[in-house]
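Please open the structure in your viewer and keep the selection panel at hand. The tour below goes from one selection to the next and says what is found at each stop.

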Amino acid sequence: FYDRVNVSLNAIRDGTLMIRTIAEENCLEVFLNSAAVAALIDAARHTSPDDPLLELREQDYWFYLNSVLNKVAEQFAEGQIRRDMGLPVTTGRYLICLTCESAGEVRTRKIRAMLIQKSLLLNLPNEEPKYENPTHATRWKTLKYLAAQYQKTPYKFREVEICI
């Protein structure tokens, strides 16, 4: 399923890792350019269990992440209009990055745009959370890796404000 991009919300609630799909689309519907999609799929095929982040040229990351940001923003456009009208809203700061997990018991290989509250990624608990499903242990490993990588390569992440 390398031709799919899954936008995945990652959260910890009451000590349990929660993974929820926000959107899933054909890559071409998100990135709008067949050459960009081919490069993205190639990068996804070269990820490893120890490094699930897609390796793209640094100067290209903004374009890829901005495409995902636009897809996420579509999901929450009403919040922006409500705020513009002066109506009550709640906002949160999230980070987006592109991965393709292959470790553990991952059932399907696909490009995943990880979405996680910035404050959570920067302050992951030391203690391993509970899992809704045992296969989510792979995601915990990925999140710990992403937290370390955000400090080293912040250009591989894009911040987005979500307003509801």
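How many salt bridges does a search of the whole structure find? In this predicted model, the search finds 14 salt bridges.

Begin with Glu 25 and Lys 71, whose side chains meet in a salt bridge at 3.9 Å, N to O. Glu 25 lies in strand β2 and Lys 71 in helix α3, so this pair ties together parts that are 46 residues apart in sequence. Colour Lys 71 by accessibility, and it counts as buried, at 13% relative accessibility.

Select Arg 112 and Glu 101 next, where the side chains meet in a salt bridge at 3.7 Å, N to O. Because Arg 112 belongs to strand β4 and Glu 101 to the loop between β3 and β4, the pair ties together parts that are 11 residues apart in sequence. Arg 112 is buried, with a relative accessible area of 12%, and Glu 101 is buried too, with 4%.

Then move to Arg 57 and Asp 60, whose side chains form a salt bridge at 2.9 Å, N to O; here Arg 57 counts as exposed, at 52% relative accessibility. To close this part, select Arg 83, Arg 93, Lys 118, Glu 159 and Glu 161 together, since these residues are linked in a network of salt bridges.

For the interior, display the largest nonpolar core, which has 30 residues, with Phe 31, Leu 40 and Leu 54 among those having the most contacts inside it. Elements that each supply at least two residues of this core include β1 (4-13), α2 (34-45), α3 (58-75) and β3 (91-99). Centre the view on Phe 31, which touches Val 5, Val 37, Leu 40, Tyr 64, Ser 67 and Val 68, not counting residues up to four places away in sequence. A second, separate core of 17 residues can be shown beside this one, and Ile 12, Leu 121, Leu 143 and Ala 147 are included in it.

Turn now to the strands, and select β1 with β2 (residues 16-26), which pair in the antiparallel sense over 10 bridges. Within this pairing, Val 7 stands opposite Ala 23 in β2. The hairpin of β1 and β2 has 2 residues between the strands, and Asp 14 takes a positive phi near 50° there. On adding β5 (residues 130-131), one finds that β2 pairs with β5 in the parallel sense over 2 bridges, with Leu 17 opposite Tyr 131.

Finish on the surface, where Ile 81, Met 85 and Leu 87 make a nonpolar patch of about 310 Å². Met 85 sits in the loop between α4 (77-84) and β3, and is exposed, with a relative accessible area of 61%.

Note on methods:
Residues numbered from 1 in each chain as written. Predicted model: local features only at pLDDT ≥ 70, side-chain atom pairs only at ≥ 80, totals over all residues. Heavy atoms only, no water. Core = buried A, V, L, I, M, F, W, Y, C linked by side-chain atoms within 4.5 Å. Buried < 20%, exposed > 50% of the residue type's maximum accessible area, 1.4 Å probe, protein only. Helix = DSSP H or I, 4+ residues; strand = E, 2+ residues; numbered from the N terminus. Contact = heavy atoms within 4.5 Å. Patch = residues over 30% accessible without salt bridge, like charges linked within 9 Å, V, L, I, M, F, W, Y side chains within 5 Å. Areas by Shrake-Rupley, 256 points an atom, 1.4 Å probe, with all protein chains shown as cover. Salt bridge = Lys/Arg side-chain N within 4 Å of Asp/Glu carboxyl O. Pairing = 2+ DSSP bridges.
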